[in-house]
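Q: Pick one side-chain pairing in this model and take a close look at it. Then work outwards from there, with the cut-offs spelled out as you go.

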Amino acid sequence: MFEFLKAPILTVQEFFILAGQALRNVVRTPHYTQDIFLQMDIIGVGSLPIVILTGFFSGAVLALQMSRALSEYGQVGRTGQVVAITLVRELGPVLTALMVAGRNSSGIASELGSMKVTEQIDAMRALGTDPIQKLVTPRLIATCAMLPLLTVIADFVGMFGGSVVAAMINIPSKQYWTSVWRALEWSDVVQGLMKPFCFAFAIALVGCYYGLRTSGGTQGVGRATTQAVVVASVLVFILTFFITKIFVSGVVNI
Amino acid sequence: MTPNVTPDLPPPVLKFENVSVSFDGQTALDDVSFEVREGDTRILFGAAGSGKTVLLKAALGLARPDRGHIFVFGRDITLLKESQLSDIRSKVGMLFQESALFDSMTIEENVAYPLFNQKAIHCEAEEGHRKVVDALRFVELENTLAKFPSELSGGMRRRAAIARAVVTAPPLLLYDSPTAGLDPITANNIIALIVKARDASRTTTLMVTHRYQDGNLVAKFRYNLEDGRLEPVAGRDPGFDASTRFMVFKEGRLIFDGPQGELEESSDPYISKFVLKRD
Ligand SMILES: Nc1ncnc2c1ncn2[C@@H]1O[C@H](COP(=O)(O)OP(=O)(O)OP(=O)(O)O)[C@@H](O)[C@H]1O
Ligand SMILES: [Mg+2]
């Protein structure tokens, strides 16, 4: 009767098995440290330009929109506050994660996918290496380390973008930064760092999952890439909803 | 037809016992049984999709059978977990159909990979480098150490992959279509390398191929260590002939398993398609 549910449940199950194996390998030898640093460079340093660009302009546009809305209540001075809270809690993590998902989920899926269809994954196993240890775990560690950092950078660049707009609409720079500083609480910072950490799991593991299960030649690689980006992006939105829900309802009190 | 089995014979290097493999309900190997003794050579023929690659992968534990047992060096690998297979895998060299060199590594790193990643093999950096250079010299590619696979031609990649398969001097070597898509000169060079690898250390060899000449060369020639070239065996060594057998696969089933003479005389239209009739 529930035949149609079989495939998605199987997918979720396989995904969690992969996640479990990847996590278990974090504490197991051998550690491919070199691969971890290589991935950190690709994922972290490589994503820096787009993260800075999106961060700057999302902060700027946020300041533009908010200052207009706030002017109706005569509260233009609080633009910095709104920009800071929105960026740190939501837009910074989500936009950064979406950018990294578009760039790295797809990159990971296509790289592992082409390795799969050209038998390199099989060769790796035949030559005594666990592909999860060698390929998945370094990408997971690297993403988990770099995404929070990228998010912090995006937050700051965004606030700077906001300050540029604030200066354009004659909000004194000091006032803007004071309201930014006053606005932020510890829970915002925790929330703003926990989100990218969770998104990192989704981005790295979804990319690896779709890459490793690629079949059907180069066409399959294209399919895997698309699926990885779509699923990772959707997961980012789902996760941010639930994490926000947890913080708003005060399950986590800080 | 079957060789006389005497009790003091060592266990077969590779043995399939009623092995069936399927993917998503589709049968790729259907009840296949055979055994290969130490020093034997097997030539595998079969149409595209007949299950030859799946058979080689099953021998390495890369494809898991639904039914049956596979014994490699006397151990039933169907009972082993992935993490327990590394010991057996370190004794088997495999040339994959698409070469399967790692794109992100140089040729040197590719060939060195089994030396430094097989848990059962301990190799010092210096000794490893020497072995890599030796293996690449063996396939006449010693000048490409620092190149990446994408910078080599198809035939060179195939040779580099052979170097990676033989660098650990494994007692069992599996070659998946080593000559597919190559010109006849390169193809013959590669077969010469395979014969050389086999005869230099009496390696047990399985080779999948689509060209009858390949099988014929492997069955009728041997590598002369003194003058470094292939020479026909032609009746000089009766034991040699018996050590090479041919297998033909059709839709996942093993439909022929026997010596060359028998293969050439077969009247089965499918089997005789693989035989190049010589008059
Ligand atoms: N990973 C896989 N997933 C699904 N089906 C597979 C897989 N590998 C092989 N098959 C199927 O198993 C059958 C046998 O494939 P195999 O690759 O062994 O053929 P082959 O004899 O090596 O052919 P060729 O001469 O073209 O290399 C084919 O029908 C193929 O579709
Ligand atoms: Mg094949």
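A: Let's start with D257(B), which makes a salt bridge to R245(B), with 3.5 Å between the closest N and O atoms. A salt bridge here is a Lys or Arg side-chain nitrogen within 4 Å of an Asp or Glu carboxyl oxygen. D257(B) sits in strand β12 (residues 253-258) of chain B and R245(B) in strand β11 (residues 244-250) of chain B, so the contact ties together parts that are 12 residues apart in sequence. Strands (E, at least two residues) and helices (H or I, at least four) are DSSP runs numbered from the N terminus. With a relative accessible area of 11%, R245(B) is buried. Buried means under 20%, exposed over 50%, and partly exposed in between, using a 1.4 Å probe and protein chains only.

Before going further, some bookkeeping: this is a predicted model, with pLDDT of at least 70 needed for local features and 80 or more for side-chain atom pairs, while totals for chains, interfaces and linings take in all residues. Residues count from 1 along each chain as its sequence is written, chains are lettered from A and ligands numbered from 1 in the order written, and side-chain values use heavy atoms, leaving out hydrogens and water.

Zooming out a bit, salt bridges that share partners join E119(A), D122(A) and R125(A) with K57(B), E82(B) and R89(B) in one network. Over all chains, the whole structure has 22 salt bridges.

Another one in chain B pairs R75(B) with D87(B), at 3.9 Å from N to O. That contact links distant parts of the chain: R75(B) is in strand β5 (residues 75-76) of chain B, D87(B) in helix α2 (residues 86-89) of chain B, and they are 12 residues apart. Both ends count as partly exposed, R75(B) because its relative accessibility is 38% and D87(B) because it comes in at 35%. D87(B) has a second partner too, since its backbone oxygen lies 2.6 Å from a polar atom in the side chain of S90(B). S90(B) is in the loop between α2 and β6 of chain B, and at 7% relative accessible area it is buried.

Now to the metal. The magnesium ion (ligand 2) has two protein donors, T53(B) through OG1 and Q97(B) through OE1, lying 1.9 to 2.2 Å from it. The two come from distant parts of the chain: T53(B) belongs to helix α1 (residues 52-59) of chain B, while Q97(B) is in the loop between β6 (92-95) and α3 (107-117) of chain B, 44 residues apart. Donors are N, O and S atoms within 2.8 Å of the metal (3.2 Å for Na, K and Ca), and water isn't among the atoms, so sites may look incomplete. Q97(B) itself is partly exposed, at 27% relative accessibility.

T53(B) and Q97(B) also turn up around ligand 1, along with F23(B), A28(B), A47(B), A48(B), G49(B), S50(B), G51(B), K52(B), V54(B) and H210(B). The cut-off for that shell is a heavy atom within 4 Å. The largest share of it, 3 residues, comes from α1(B). A polar side-chain atom of Q97(B) is 2.7 Å from a ligand 1 oxygen. H210(B) brings a side-chain N or O atom to 3.0 Å from an oxygen of ligand 1, and V54(B) puts a polar backbone atom 3.0 Å from a ligand oxygen. For these polar contacts, read N or O pairs within 3.5 Å; within protein, one atom must be able to donate a hydrogen and the other to accept it, and sequence neighbours count only if both atoms are side-chain atoms.

Finally, chain A. The chain has 8 helices and 0 strands, and its C-alpha atoms fill a box of roughly 65 × 45 × 35 Å along the principal axes. Of its 254 residues, 46% are buried. Here D35(A) and K134(A) meet in a salt bridge, 3.4 Å from N to O. D35(A) is in helix α2 (residues 33-71) of chain A and K134(A) in helix α5 (residues 131-168) of chain A, so the contact ties together parts 99 residues apart in sequence. K134(A) counts as buried, at 10% relative accessibility. R182(A), in helix α6 (residues 173-183) of chain A, is exposed at 68%. The C-alpha atoms of R182(A) and T118(A) are separated by 55 Å, with their positions 64 residues apart along the chain.
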